[in-house]
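This report covers helix packing and the ligand site. The structure comes next.

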Amino acid sequence: MTEKTDLYSMLPSELEAYLTSLGEPKFRAKQLFPRLQDGTPISEISNLPKALRERLSAETLNPIPTVEKKLVSKIDGTVKYLFKLYDGECIESVLMKYKHGNTLCVSSQVGCRMGCRFCASTLAGRVRNLLPSEILGQIIAATRDSGERVSNVVMMGIGEPLDNFDNVVRFLALVNHADGLNIGYRHISLSTCGVVPKIHELAELDLPITLSISLHATTDEQRSAIMPVNNKWNIEELLSACVSYYKKTGRRISFEYTLIHGKNDTEADAYALARLLTSAFRGTGAPIHVNLIRVNEVAEIGFKNPSTESANKFAELLNSRGCVATVRRRLGSDIEAACGQLRRSNS
Ligand code: SAH
(Lines give C-alpha, C1' and ligand atoms only; values in the text may rest on other atoms or scores of the structure.)
Protein backbone atom coordinates (compact mmCIF):
# COMPACT_ATOMS: atom_id res chain seq x y z
CA MET A 1 0.00 0.00 0.00
CA THR A 2 2.56 2.59 1.09
CA GLU A 3 6.33 2.27 0.90
CA LYS A 4 6.95 4.98 3.45
CA THR A 5 7.47 4.15 7.11
CA ASP A 6 4.43 4.95 9.24
CA LEU A 7 5.85 6.35 12.48
CA TYR A 8 2.41 7.28 13.79
CA SER A 9 1.37 3.62 13.97
CA MET A 10 4.39 2.71 16.11
CA LEU A 11 4.29 2.11 19.84
CA PRO A 12 7.19 3.68 21.80
CA SER A 13 9.35 0.52 21.79
CA GLU A 14 9.02 0.23 18.01
CA LEU A 15 9.77 3.90 17.55
CA GLU A 16 12.89 3.39 19.64
CA ALA A 17 14.04 0.49 17.44
CA TYR A 18 13.41 2.54 14.30
CA LEU A 19 15.27 5.60 15.56
CA THR A 20 18.25 3.60 16.80
CA SER A 21 18.42 1.97 13.35
CA LEU A 22 18.91 5.51 12.01
CA GLY A 23 21.77 6.00 14.47
CA GLU A 24 19.75 8.17 16.87
CA PRO A 25 19.89 7.80 20.66
CA LYS A 26 17.07 5.85 22.30
CA PHE A 27 15.66 8.81 24.21
CA ARG A 28 14.50 10.39 20.95
CA ALA A 29 11.57 7.96 20.97
CA LYS A 30 10.33 9.45 24.25
CA GLN A 31 10.58 12.92 22.72
CA LEU A 32 8.87 11.94 19.52
CA PHE A 33 5.97 9.65 20.56
CA PRO A 34 3.86 12.21 22.49
CA ARG A 35 4.29 14.84 19.79
CA LEU A 36 3.29 12.47 16.99
CA GLN A 37 0.28 11.38 18.96
CA ASP A 38 -0.92 14.93 19.62
CA GLY A 39 -0.56 15.75 15.94
CA THR A 40 2.33 18.21 16.07
CA PRO A 41 3.72 18.27 12.52
CA ILE A 42 7.17 16.66 12.52
CA SER A 43 8.74 19.87 11.22
CA GLU A 44 7.53 21.64 14.37
CA ILE A 45 8.72 19.13 16.97
CA SER A 46 11.25 21.54 18.39
CA ASN A 47 12.98 19.20 20.84
CA LEU A 48 14.34 17.15 17.92
CA PRO A 49 17.41 18.27 15.94
CA LYS A 50 16.48 20.03 12.72
CA ALA A 51 18.30 17.54 10.50
CA LEU A 52 16.34 14.67 12.03
CA ARG A 53 13.03 16.50 11.60
CA GLU A 54 13.84 17.12 7.96
CA ARG A 55 14.81 13.51 7.39
CA LEU A 56 11.69 12.15 9.09
CA SER A 57 9.40 14.59 7.29
CA ALA A 58 10.84 13.58 3.94
CA GLU A 59 11.09 9.85 4.48
CA THR A 60 8.04 8.91 6.53
CA LEU A 61 4.32 8.88 5.90
CA ASN A 62 2.04 11.68 7.01
CA PRO A 63 -1.18 9.75 7.70
CA ILE A 64 -3.12 12.57 9.36
CA PRO A 65 -6.17 13.22 7.20
CA THR A 66 -7.09 16.68 5.98
CA VAL A 67 -10.56 18.24 6.05
CA GLU A 68 -12.06 17.85 2.58
CA LYS A 69 -15.55 18.96 3.59
CA LYS A 70 -17.25 19.82 6.85
CA LEU A 71 -20.95 20.06 7.70
CA VAL A 72 -22.19 21.54 10.94
CA SER A 73 -25.70 20.69 12.16
CA LYS A 74 -27.84 23.72 12.83
CA ILE A 75 -29.96 21.63 15.14
CA ASP A 76 -27.41 20.29 17.60
CA GLY A 77 -23.89 21.40 16.59
CA THR A 78 -22.86 17.92 15.44
CA VAL A 79 -19.95 18.19 13.00
CA LYS A 80 -19.56 15.77 10.14
CA TYR A 81 -16.13 15.61 8.54
CA LEU A 82 -15.24 14.24 5.17
CA PHE A 83 -11.53 13.55 5.60
CA LYS A 84 -9.06 13.00 2.79
CA LEU A 85 -6.36 10.37 3.32
CA TYR A 86 -2.77 10.48 2.04
CA ASP A 87 -3.74 8.53 -1.11
CA GLY A 88 -6.77 10.69 -1.95
CA GLU A 89 -9.39 8.27 -0.56
CA CYS A 90 -12.05 9.78 1.68
CA ILE A 91 -13.64 8.67 4.95
CA GLU A 92 -16.06 10.23 7.42
CA SER A 93 -15.96 11.07 11.12
CA VAL A 94 -18.68 12.66 13.23
CA LEU A 95 -18.06 14.87 16.26
CA MET A 96 -20.96 14.84 18.70
CA LYS A 97 -21.19 17.19 21.62
CA TYR A 98 -22.76 15.88 24.80
CA LYS A 99 -22.94 17.37 28.29
CA HIS A 100 -20.41 14.81 29.52
CA GLY A 101 -17.88 15.56 26.77
CA ASN A 102 -17.26 15.17 23.07
CA THR A 103 -17.55 11.88 21.25
CA LEU A 104 -15.91 11.19 17.92
CA CYS A 105 -17.34 8.49 15.69
CA VAL A 106 -14.44 7.15 13.61
CA SER A 107 -14.16 5.04 10.45
CA SER A 108 -12.04 1.89 10.33
CA GLN A 109 -12.01 1.11 6.59
CA VAL A 110 -12.47 2.90 3.27
CA GLY A 111 -15.84 1.40 2.35
CA CYS A 112 -17.03 -1.91 3.75
CA ARG A 113 -17.56 -5.43 2.43
CA MET A 114 -20.20 -6.61 4.89
CA GLY A 115 -23.16 -5.75 2.66
CA CYS A 116 -25.77 -4.71 5.28
CA ARG A 117 -28.77 -3.74 3.19
CA PHE A 118 -29.64 -0.52 5.04
CA CYS A 119 -26.11 0.90 5.14
CA ALA A 120 -24.69 3.45 2.70
CA SER A 121 -21.05 2.61 3.57
CA THR A 122 -21.14 -0.77 1.94
CA LEU A 123 -22.88 0.06 -1.34
CA ALA A 124 -19.61 0.21 -3.31
CA GLY A 125 -17.70 -2.41 -1.32
CA ARG A 126 -14.39 -2.12 0.52
CA VAL A 127 -11.51 -0.17 -1.00
CA ARG A 128 -8.91 -0.72 1.73
CA ASN A 129 -8.26 -0.98 5.45
CA LEU A 130 -7.25 2.09 7.40
CA LEU A 131 -3.84 2.13 9.05
CA PRO A 132 -3.86 2.43 12.87
CA SER A 133 -2.49 5.95 12.39
CA GLU A 134 -5.34 6.86 10.06
CA ILE A 135 -7.92 5.86 12.66
CA LEU A 136 -6.02 7.85 15.28
CA GLY A 137 -5.50 10.65 12.75
CA GLN A 138 -9.25 11.27 12.65
CA ILE A 139 -9.12 12.20 16.36
CA ILE A 140 -6.07 14.39 15.82
CA ALA A 141 -7.58 16.16 12.82
CA ALA A 142 -11.01 16.69 14.45
CA THR A 143 -9.38 18.03 17.63
CA ARG A 144 -7.19 20.43 15.67
CA ASP A 145 -10.03 21.64 13.50
CA SER A 146 -12.63 22.08 16.25
CA GLY A 147 -10.38 23.09 19.13
CA GLU A 148 -12.42 20.64 21.22
CA ARG A 149 -10.98 17.74 23.21
CA VAL A 150 -12.32 14.35 22.23
CA SER A 151 -13.04 12.35 25.37
CA ASN A 152 -14.95 9.39 23.93
CA VAL A 153 -14.47 7.39 20.78
CA VAL A 154 -17.01 5.17 19.05
CA MET A 155 -15.93 2.89 16.22
CA MET A 156 -19.21 3.19 14.36
CA GLY A 157 -18.16 5.06 11.25
CA ILE A 158 -17.44 3.58 7.84
CA GLY A 159 -16.17 0.00 7.86
CA GLU A 160 -16.30 -3.12 9.97
CA PRO A 161 -13.67 -2.76 12.72
CA LEU A 162 -13.32 -6.51 13.25
CA ASP A 163 -12.60 -6.93 9.51
CA ASN A 164 -9.48 -4.78 10.14
CA PHE A 165 -8.66 -6.45 13.44
CA ASP A 166 -4.89 -6.00 13.83
CA ASN A 167 -4.91 -2.34 12.86
CA VAL A 168 -7.89 -1.62 15.11
CA VAL A 169 -6.26 -3.33 18.09
CA ARG A 170 -3.08 -1.36 17.51
CA PHE A 171 -5.10 1.85 17.25
CA LEU A 172 -6.67 1.02 20.63
CA ALA A 173 -3.22 0.56 22.20
CA LEU A 174 -2.02 3.86 20.72
CA VAL A 175 -5.00 5.96 21.71
CA ASN A 176 -5.01 4.52 25.21
CA HIS A 177 -1.26 5.02 25.76
CA ALA A 178 -0.42 7.18 28.78
CA ASP A 179 2.14 9.18 26.76
CA GLY A 180 -0.28 9.59 23.85
CA LEU A 181 -3.89 10.78 23.83
CA ASN A 182 -4.54 8.68 26.93
CA ILE A 183 -8.21 8.00 26.20
CA GLY A 184 -9.35 5.29 28.62
CA TYR A 185 -10.61 2.00 27.19
CA ARG A 186 -13.83 2.56 29.11
CA HIS A 187 -14.40 5.62 26.93
CA ILE A 188 -14.16 3.60 23.73
CA SER A 189 -16.92 1.57 22.05
CA LEU A 190 -16.43 -0.81 19.18
CA SER A 191 -19.42 -1.78 17.07
CA THR A 192 -19.52 -4.94 14.96
CA CYS A 193 -22.02 -6.56 12.63
CA GLY A 194 -20.97 -9.92 14.11
CA VAL A 195 -17.63 -11.29 12.89
CA VAL A 196 -17.81 -14.13 15.41
CA PRO A 197 -14.22 -15.52 15.40
CA LYS A 198 -12.89 -12.00 15.93
CA ILE A 199 -15.25 -11.44 18.88
CA HIS A 200 -13.60 -14.47 20.50
CA GLU A 201 -10.16 -13.07 19.65
CA LEU A 202 -11.06 -9.70 21.10
CA ALA A 203 -12.30 -11.36 24.29
CA GLU A 204 -8.86 -12.96 24.73
CA LEU A 205 -7.28 -9.48 24.76
CA ASP A 206 -9.54 -8.60 27.70
CA LEU A 207 -9.65 -4.85 27.02
CA PRO A 208 -12.24 -2.92 29.04
CA ILE A 209 -13.80 -1.32 25.96
CA THR A 210 -17.55 -1.49 25.31
CA LEU A 211 -18.55 -3.94 22.62
CA SER A 212 -21.69 -3.11 20.63
CA ILE A 213 -23.38 -5.70 18.50
CA SER A 214 -25.45 -4.65 15.50
CA LEU A 215 -28.23 -7.20 15.88
CA HIS A 216 -31.19 -5.61 14.06
CA ALA A 217 -33.31 -8.78 13.85
CA THR A 218 -34.51 -11.68 15.97
CA THR A 219 -34.60 -14.65 13.59
CA ASP A 220 -31.98 -15.93 11.19
CA GLU A 221 -34.37 -15.54 8.30
CA GLN A 222 -35.04 -11.91 9.13
CA ARG A 223 -31.38 -11.12 9.92
CA SER A 224 -29.91 -12.83 6.85
CA ALA A 225 -32.30 -10.84 4.67
CA ILE A 226 -30.78 -7.54 5.84
CA MET A 227 -27.29 -8.64 7.00
CA PRO A 228 -25.45 -11.13 4.77
CA VAL A 229 -22.87 -11.72 7.55
CA ASN A 230 -25.60 -13.74 9.27
CA ASN A 231 -25.29 -16.44 6.59
CA LYS A 232 -21.77 -17.06 7.80
CA TRP A 233 -22.30 -16.75 11.57
CA ASN A 234 -25.90 -17.03 12.67
CA ILE A 235 -27.68 -15.47 15.65
CA GLU A 236 -27.03 -18.44 17.92
CA GLU A 237 -23.28 -18.38 17.22
CA LEU A 238 -23.23 -14.61 17.60
CA LEU A 239 -25.01 -14.58 20.96
CA SER A 240 -22.93 -17.44 22.24
CA ALA A 241 -19.78 -15.41 21.35
CA CYS A 242 -21.33 -12.47 23.25
CA VAL A 243 -21.92 -14.61 26.33
CA SER A 244 -18.30 -15.85 26.28
CA TYR A 245 -17.12 -12.29 25.77
CA TYR A 246 -19.07 -11.20 28.84
CA LYS A 247 -17.80 -14.11 30.91
CA LYS A 248 -14.20 -13.43 29.93
CA THR A 249 -14.17 -9.63 30.25
CA GLY A 250 -17.01 -8.85 32.68
CA ARG A 251 -18.00 -6.02 30.33
CA ARG A 252 -21.64 -5.71 29.45
CA ILE A 253 -22.45 -5.77 25.77
CA SER A 254 -24.71 -3.27 24.17
CA PHE A 255 -27.01 -4.33 21.35
CA GLU A 256 -27.90 -2.05 18.49
CA TYR A 257 -31.27 -2.56 16.89
CA THR A 258 -32.12 -0.39 13.91
CA LEU A 259 -35.87 -0.05 13.57
CA ILE A 260 -36.97 -0.39 9.97
CA HIS A 261 -40.63 0.25 9.43
CA GLY A 262 -42.46 -2.86 8.26
CA LYS A 263 -39.36 -5.08 8.57
CA ASN A 264 -38.55 -5.51 12.25
CA ASP A 265 -40.54 -3.00 14.29
CA THR A 266 -43.73 -4.78 15.33
CA GLU A 267 -44.85 -5.56 18.88
CA ALA A 268 -44.08 -9.22 18.21
CA ASP A 269 -40.52 -8.24 17.18
CA ALA A 270 -40.06 -6.40 20.50
CA TYR A 271 -41.18 -9.44 22.49
CA ALA A 272 -39.03 -11.75 20.36
CA LEU A 273 -36.00 -9.52 20.94
CA ALA A 274 -36.52 -9.47 24.71
CA ARG A 275 -36.94 -13.24 24.75
CA LEU A 276 -33.86 -13.82 22.62
CA LEU A 277 -31.55 -11.66 24.72
CA THR A 278 -32.82 -12.61 28.15
CA SER A 279 -32.62 -16.31 27.37
CA ALA A 280 -29.11 -16.01 25.84
CA PHE A 281 -27.77 -14.29 28.96
CA ARG A 282 -29.85 -16.18 31.54
CA GLY A 283 -27.77 -17.15 34.56
CA THR A 284 -24.81 -14.94 33.64
CA GLY A 285 -25.94 -11.88 35.62
CA ALA A 286 -25.27 -9.66 32.60
CA PRO A 287 -27.47 -6.58 32.36
CA ILE A 288 -29.03 -6.30 28.91
CA HIS A 289 -28.94 -3.02 27.11
CA VAL A 290 -30.50 -2.29 23.74
CA ASN A 291 -29.95 0.89 21.74
CA LEU A 292 -32.80 1.47 19.36
CA ILE A 293 -31.87 3.43 16.26
CA ARG A 294 -34.48 4.69 13.86
CA VAL A 295 -33.17 3.86 10.42
CA ASN A 296 -31.63 6.76 8.57
CA GLU A 297 -33.30 6.75 5.22
CA VAL A 298 -30.67 6.32 2.51
CA ALA A 299 -32.01 7.41 -0.88
CA GLU A 300 -30.66 4.40 -2.81
CA ILE A 301 -32.14 1.89 -0.40
CA GLY A 302 -35.63 3.00 0.45
CA PHE A 303 -36.11 1.62 3.96
CA LYS A 304 -38.59 3.60 6.00
CA ASN A 305 -38.18 5.13 9.40
CA PRO A 306 -40.80 4.29 12.05
CA SER A 307 -42.42 7.17 13.94
CA THR A 308 -40.95 8.39 17.21
CA GLU A 309 -44.06 7.11 19.02
CA SER A 310 -43.71 3.61 17.69
CA ALA A 311 -39.96 3.58 18.50
CA ASN A 312 -40.79 4.68 22.06
CA LYS A 313 -43.44 1.99 22.29
CA PHE A 314 -40.91 -0.62 21.15
CA ALA A 315 -38.53 0.58 23.90
CA GLU A 316 -41.29 0.37 26.52
CA LEU A 317 -42.08 -3.20 25.54
CA LEU A 318 -38.41 -4.17 25.89
CA ASN A 319 -38.13 -2.41 29.25
CA SER A 320 -41.21 -4.24 30.50
CA ARG A 321 -39.50 -7.55 29.65
CA GLY A 322 -36.23 -6.92 31.50
CA CYS A 323 -34.15 -5.29 28.76
CA VAL A 324 -32.99 -1.73 29.31
CA ALA A 325 -33.76 0.00 26.04
CA THR A 326 -33.21 3.55 24.89
CA VAL A 327 -34.10 5.20 21.63
CA ARG A 328 -30.96 6.88 20.38
CA ARG A 329 -31.20 10.61 19.84
CA ARG A 330 -30.82 11.49 16.20
CA LEU A 331 -27.90 13.88 16.13
CA GLY A 332 -27.01 15.64 12.91
CA SER A 333 -30.11 14.49 11.04
CA ASP A 334 -29.84 17.58 8.84
CA ILE A 335 -26.26 16.83 7.72
CA GLU A 336 -26.33 13.27 6.40
CA ALA A 337 -24.74 12.03 9.63
CA ALA A 338 -25.57 8.38 8.90
CA CYS A 339 -22.74 6.07 8.01
CA GLY A 340 -21.22 6.60 4.59
CA GLN A 341 -23.73 9.03 3.14
CA LEU A 342 -21.37 11.97 2.74
CA ARG A 343 -18.56 9.94 1.18
CA ARG A 344 -21.01 8.64 -1.41
CA SER A 345 -22.48 11.99 -2.26
CA ASN A 346 -18.94 13.36 -2.75
CA SER A 347 -17.74 10.69 -5.17
N1 SAH B 1 -19.64 -2.25 10.90
C2 SAH B 1 -19.93 -1.91 12.24
C3 SAH B 1 -19.81 -0.43 12.57
C4 SAH B 1 -20.30 0.57 11.57
S5 SAH B 1 -22.04 0.83 11.42
C6 SAH B 1 -21.31 -2.42 12.62
O7 SAH B 1 -22.00 -2.95 11.77
O8 SAH B 1 -21.67 -2.34 13.77
C9 SAH B 1 -22.55 1.57 12.92
C10 SAH B 1 -24.01 1.33 13.23
O11 SAH B 1 -24.87 2.06 12.35
C12 SAH B 1 -24.40 -0.13 13.09
O13 SAH B 1 -25.22 -0.51 14.16
C14 SAH B 1 -25.15 -0.11 11.78
O15 SAH B 1 -25.96 -1.24 11.66
C16 SAH B 1 -25.88 1.21 11.85
N17 SAH B 1 -26.37 1.72 10.58
C18 SAH B 1 -25.82 1.61 9.34
N19 SAH B 1 -26.61 2.19 8.42
C20 SAH B 1 -27.66 2.71 9.06
C21 SAH B 1 -28.81 3.43 8.64
N22 SAH B 1 -29.05 3.74 7.37
N23 SAH B 1 -29.70 3.78 9.60
C24 SAH B 1 -29.49 3.48 10.91
N25 SAH B 1 -28.42 2.81 11.35
C26 SAH B 1 -27.53 2.41 10.43
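Helices α4 and α5 are oblique to each other, because their angle falls outside the named ranges: under 35 degrees is roughly parallel, over 145 roughly antiparallel, 65 to 115 roughly perpendicular, and the rest oblique. This is a predicted model, where local features need pLDDT of at least 70, side-chain atom pairs count only at pLDDT 80 or more, and totals for chains, interfaces and linings use all residues. Residues are numbered from 1 along each chain as its sequence is written, and side-chain values use heavy atoms, with hydrogens and water left out.

Two packed helices are described by the angle between their axes and the distance between the axes. Axes are lines fitted to C-alpha atoms, for helices over the stretch in contact, and angles run from 0 to 180 degrees between N-to-C directions. Helices are DSSP runs (H or I, at least four residues), as are strands (E, at least two), numbered from the N terminus.

| Helix pair | Axes come within | Crossing angle |
|---|---|---|
| α4 (residues 132-146) and α5 (residues 165-176) | 8 Å | roughly 45° |
| α9 (residues 235-249) and α10 (residues 267-281) | 10 Å | roughly 45° |

The second angle makes α9 oblique to α10. The crossing of α4 and α5 is right-handed (the near helix is turned clockwise from the far one by less than a right angle). α9 also passes α10 in a right-handed crossing.

Now the ligand. Its shell holds 19 residues (a heavy atom within 4 Å). Phe118, Ser191, Ser214, His216 and Asn296 are the closest. Strands β8 (188-192) and β10 (254-259) each supply at least two shell residues.

Polar contacts are pairs of N or O atoms within 3.5 Å. The Ser191 side chain places an N or O atom 2.6 Å from a ligand oxygen. A polar backbone atom of Asn296 is 2.8 Å from a ligand nitrogen.

Terms used. A polar contact is a pair of N or O atoms within 3.5 Å; within protein, one must be able to donate a hydrogen and the other to accept it, and residues adjacent in sequence count only if both atoms are side-chain atoms.
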